[in-house]
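Here are my notes on the model. They begin with the ligand site, then turn to the domains, the chain as a whole and one residue.

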Amino acid sequence: MPSRVWKNKADKTERKEWACKTNIPYKNSEAILKISIHWFRNDLRLTDNPALIQAAEAGIVLPVFIWDAECAAELGPGGASRWWLHHSLVQLNDSLGGALNIYCGNPQDVLATLAKEHAVDQVCWNHSYEPQSPQRDEAVAEEMRSSGRDVQTFNGSLLWDPEEVLKADGTPYKVFTPFYKRGCLNAMPPRKPQKAQRVRYQKASDSLSVDDLGLLPKIAWDAEFSNHWKPGEAGALQALRHFLAEGIGDYKDGRNFPAKKKTSRLSPHLHWGEISVNQVWYAAREFLPSEQVDVFCSELGWREFSACLLFHFPNLPSENLNRQFDAFPWEHNEAWLLAWQKGQTGIPLVDAGMRELWRTGFMHNRVRMVAASFLVKNLLIHWHHGADWFRDTLVDADLANNSASWQWVAGCGADAAPYFRIFNPVTQGKKFDPAGEYIRTNVPELGNLPNKYLFSPWEAPEAVLGEAGVELGKTYPKPIVDLKESRQHALAAYAMLKARDTSSEPC
Ligand SMILES: Cc1cc2nc3c(=O)[nH]c(=O)nc-3n(C[C@H](O)[C@H](O)[C@H](O)COP(=O)(O)OP(=O)(O)OC[C@H]3O[C@@H](n4cnc5c(N)ncnc54)[C@H](O)[C@@H]3O)c2cc1C
């Protein structure tokens, strides 16, 4: 394996060329230095990055990001997520002093070429637990090892390794509480975060620029995003600090009120690994041991649970975890789907959520549950359509969290809500947006309606509507379905499913 051992009598020209290429001071070029590739994936950070630390300790690091368009086309990042990735890569490249090496193509081919060209000794990366990754990563590792290179991989994205969180009988958990309490909290505590290392980076001459990846949208629907988000490691740390100062102290209750902004808004940062979940976990734990912190940590536990489900059930994005739901009588209606996507259902809380999503790339968790329940239960539209829309429009779109959450709402997932629990968007609005602030921000045409009718404008007398400047069917849609009737219809569909089910297992 080529390593750079320069004796005093070594050819000076060669040594100078080497020093110049690697940015290492000439006088230091006598050391034995290994060259390592650090393959950045969903770990776009310098702090607490186990694979990067391994690479840095060995010598010179060639930091590489590869955009695999073919792989991305299939369940890869959607539009909003690509927007995020673009800006996150710009930030990462800045933090690396411009040394990020960017390529397009099949990672196996790109890495093999780079390894040869740069006489690389070692290749390091952090695991991805998404379904396409293990096979692809194994092929890369095989190729590298067969050419005599070291391969070092780490868990850099989860608190506990999904391969290790198993029930006593060796099978994966499907219920959250035992998963979290027995499987996670009873196991070894998560790894403590490590500081960023001083790293000597190497820039290749054939790197693309971030712009070359064409990740930004052609039509400027992202106009407002940068008012709400600061992608990158510095933005992630800022979000964490803000949450510790303003949110966590009242997280347990505050997290349910969309207008209060008491949640961390760390989800896109965590998805792209701009901050490690270990940093977040320990920052919360060390900040203020309390019930508030426990509730927050258990939400991080839901993230672990979803990742484990996807790892052990790789068909989670496409197949009902509870296969009895395969016979569910979905009723596809394109016009209703479009109304839902555009926030034009005539149900204010649902529309507020869907418009918040379109405008900002985010929707508050409480409203995600309500909007998702409305799609799959009141409209009886298959959860796949909702998950696809979220995948394309959420800045935090995450295959594990999104698939697991949609299945949870639809009733077919792990530890799913009982089917009859159909969120009522009117009572949810009254309870969690009592002053109507969230609805008024996102559905401004209802802004002058009194609170009494804000959540159900179809119940308002004509005079009240007129005074508020609302004309149903004109300035704001009439509800596309009747909430009570559609609820009964959904329960009837579920009853049909149960009746069809020949097995004795309950749904
Ligand atoms: C239909 C539906 C789809 C969803 N799709 C996604 C998605 O694509 N990506 C995504 O990250 N989350 C998804 N969620 C979960 C949740 O809504 C978001 O994680 C949360 O709203 C992010 O906001 P936050 O960072 O302020 O959360 P906080 O309340 O501050 O929670 C901290 C972190 O815990 C994790 N977390 C919180 N709630 C959940 C949950 N229910 N399941 C899994 N992890 C959770 C997230 O990483 C989050 O950043 C979805 C939920 C629903 C109901």
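**Notes on the ligand site and its surroundings**

1. The ligand lies between domain 2 (158-193 + 234-312) and domain 3 (323-500), because both domains give residues to the shell around it. Keep in mind that this is a predicted model.

2. The shell holds 27 residues. Closest to the ligand are Thr263, Ser264, Ser267, Asn402 and Ser405. Four elements each give two or more residues to this shell: α11, α13, α16 (365-378) and α18 (399-410).

3. What is the make-up of the shell by class? It divides into 11 nonpolar, nine polar and seven charged residues.

4. The domain assignment also includes domain 1 (33-155), alongside domain 2 and domain 3. The centres of domain 2 and domain 3, taken over C-alpha atoms, are separated by 27 Å. Contacts between these two domains involve 16 residues of domain 2 and 18 residues of domain 3.

5. On the side of domain 2 that touches domain 3, α11 (267-271) and α13 (291-312) each supply at least two residues. The largest share comes from α13, with five residues. By class, this side of domain 2 has nine nonpolar, five polar and two charged residues. Note that α11 and α13 also appear among the elements of the ligand shell.

6. Now the whole chain. The protein chain has 23 helices and six strands. Its radius of gyration is 26 Å, close to the 23 Å that the globule rule gives for 507 residues, so the chain is as compact as a globular protein of that length. The C-alpha trace spans about 95 × 55 × 45 Å along its principal axes.

7. Burial and contact range come next. Of the 507 residues, 45% are buried. Take the contacts between residues at least 6 apart in sequence: 76% of them join residues at least 24 apart.

8. Where does isoleucine 248 sit? Its place is in the loop between α9 (233-246) and α10 (251-254). Is isoleucine 248 buried or exposed? It counts as buried, because it has 24 C-beta neighbours inside 10 Å and the cut-off for burial is 20 or more.

9. Leaving out residues up to four places away in sequence, isoleucine 248 touches Phe243, Ala284, Phe287, Leu288, Gln292, Val293 and Phe296. Tryptophan 84 is 164 residues from isoleucine 248 in sequence. In space, the two are 25 Å apart, C-alpha to C-alpha.

Methods:
Residues numbered from 1 in each chain as written. Predicted model: local features only at pLDDT ≥ 70, side-chain atom pairs only at ≥ 80, totals over all residues. Rg over C-alpha atoms; globule rule 2.2 N^0.38 Å. Buried ≥ 20, exposed ≤ 12 C-beta atoms within 10 Å, placed from the backbone. Contact = placed C-beta atoms within 7 Å. Domains from an automatic or database assignment. Nonpolar A, V, L, I, M, F, W, Y, C, P; charged D, E, K, R; others polar. Near = placed C-beta within 6 Å.
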